[in-house]
Amino acid sequence: MTMTPRLRKFALTTHVISSVGWLGAVAGSLALAVAGLTSQDAQMVSAAYLAMELTGWFVVVPLALASLVTGLVQSLGTKWGLFRHYWVLAKLLINVFATIVLLLYMQTLGSLAGVAAETTLSSADLSGLRSPSPVLHAGAALLVLLVATVLAVYKPRGMTAYGRRKQHEQRMVSQP
Amino acid sequence: MADPPRYPDTRDDTDVGPDRESTTGTPRWVKVFGIIALVVVLLFVIALLTGRGGHGPGRHTRSAGGHTLPSGVTEYGVRQP
């Protein structure tokens, strides 16, 4: 199925918005995670984890899912296909892997936010909240999404065996 | 009203030209990417299964997995009562 040029542009625009938005939201989460890790102010630490959970559920997760869906539509609706080019396949794998880890990690963030929401935090809870885990996860996510963005812009050459076979079939049809 | 003139490169994001994919075989960047991806996924699965490095069912307690989470807080899990 090939989309019309107008629909193709619309799909591409939504995919770029959701993907770049996801990248930006993760960068914001990384800033909050660093604040939660390094701040000496208990209120700042609590606020950072509460904000991370909120932005996670209402910004990062929707954008991740939107990026995945619009990416699937964009690839299946154009000549790029989903499994024909290595860069498209690599982006798909990155997107699926990052979304799975994100959804798993949201449970951890929910737990951290639950502790942060307590009105009285013990010193043990406060030191426990200063975990490097959110920084590591947000940093790794940022790196992975940057790789996906570079792949999308540069579109490095390379067709899969399936893609080469499909290309050969199309040439045979167009040049009988 | 007529459509505005289109720039010649507006098809670059979706157009697959016939000369774009003339090489055969697996490019080097794909091999490098595959190796890195395999290592990352293996590390993730190992961490998830063993609970080391802050992942998995076994490290959801205080001071487990190399860093400390508040009592009851579990990574990739829920807060225990």
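Of the 176 residues in chain A, 34% count as buried. That figure, like the others in this talk, comes from a predicted model. For chain B, which has 81 residues, the buried share is 15%.

Now the overall form of chain A. Its C-alpha atoms occupy a box of roughly 75 × 30 × 20 Å along the principal axes. The radius of gyration is 20 Å, while a compact globule of 176 residues would have one near 16 Å.

On to secondary structure. Chain A contains 6 helices and 0 strands. Read from the N terminus, its elements go α-α-α-α-α-α. Chain B has 1 helix, and the number of strands there is 0.

Next, contacts along the sequence. Take the contacts in chain A between residues at least 6 apart in sequence: 82% of them join residues at least 24 apart. For chain B, with the 6-residue minimum applied again, the share joining residues at least 24 apart is 0%.

I will spend most of the remaining time on one helix pair in chain A. Helix 1 of chain A covers residues 5–38, and helix 5 of chain A covers residues 133–154. How do their axes cross? They come within 8 Å and cross at roughly 160°. Because an angle over 145 degrees counts as roughly antiparallel, helix 1 of chain A is roughly antiparallel to helix 5 of chain A. The crossing of these two helices is left-handed.

Which residues make this contact? From helix 1 of chain A, they include W22(A), L23(A), V26(A), L30(A) and V34(A), with G36(A) and L37(A) also on the list. From helix 5 of chain A, among them are P134(A), V135(A), A138(A), L142(A), L145(A) and T149(A). In chemical terms, the residues of this contact divide into 14 nonpolar, 4 polar and no charged.

Last, a single residue, D125(A). This residue sits in helix 4 of chain A, which spans residues 123–129. Is D125(A) buried or exposed? It has 20 C-beta neighbours inside 10 Å, and the cut-off for buried is 20 or more, so D125(A) counts as buried.

One distance for D125(A) as well. M52(A) lies 73 residues away from it along the chain, and the C-alpha atoms of the two are separated by 17 Å.

To recap the helix pair: helix 1 and helix 5 of chain A cross at roughly 160°, and their contact has no charged residues. That is the end of my part.

Note on methods:
Residues numbered from 1 in each chain as written. Chains lettered and ligands numbered in written order. Predicted model: local features only at pLDDT ≥ 70, side-chain atom pairs only at ≥ 80, totals over all residues. Helix = DSSP H or I, 4+ residues; strand = E, 2+ residues; numbered from the N terminus. Rg over C-alpha atoms; globule rule 2.2 N^0.38 Å. Buried ≥ 20, exposed ≤ 12 C-beta atoms within 10 Å, placed from the backbone. Contact = placed C-beta atoms within 7 Å. Axes fitted to C-alpha atoms, helices over the stretch in contact; angles between N-to-C directions. Parallel < 35°, antiparallel > 145°, perpendicular 65-115°, else oblique. Left-handed = near helix turned anticlockwise from the far one by under 90°. Nonpolar A, V, L, I, M, F, W, Y, C, P; charged D, E, K, R; others polar.
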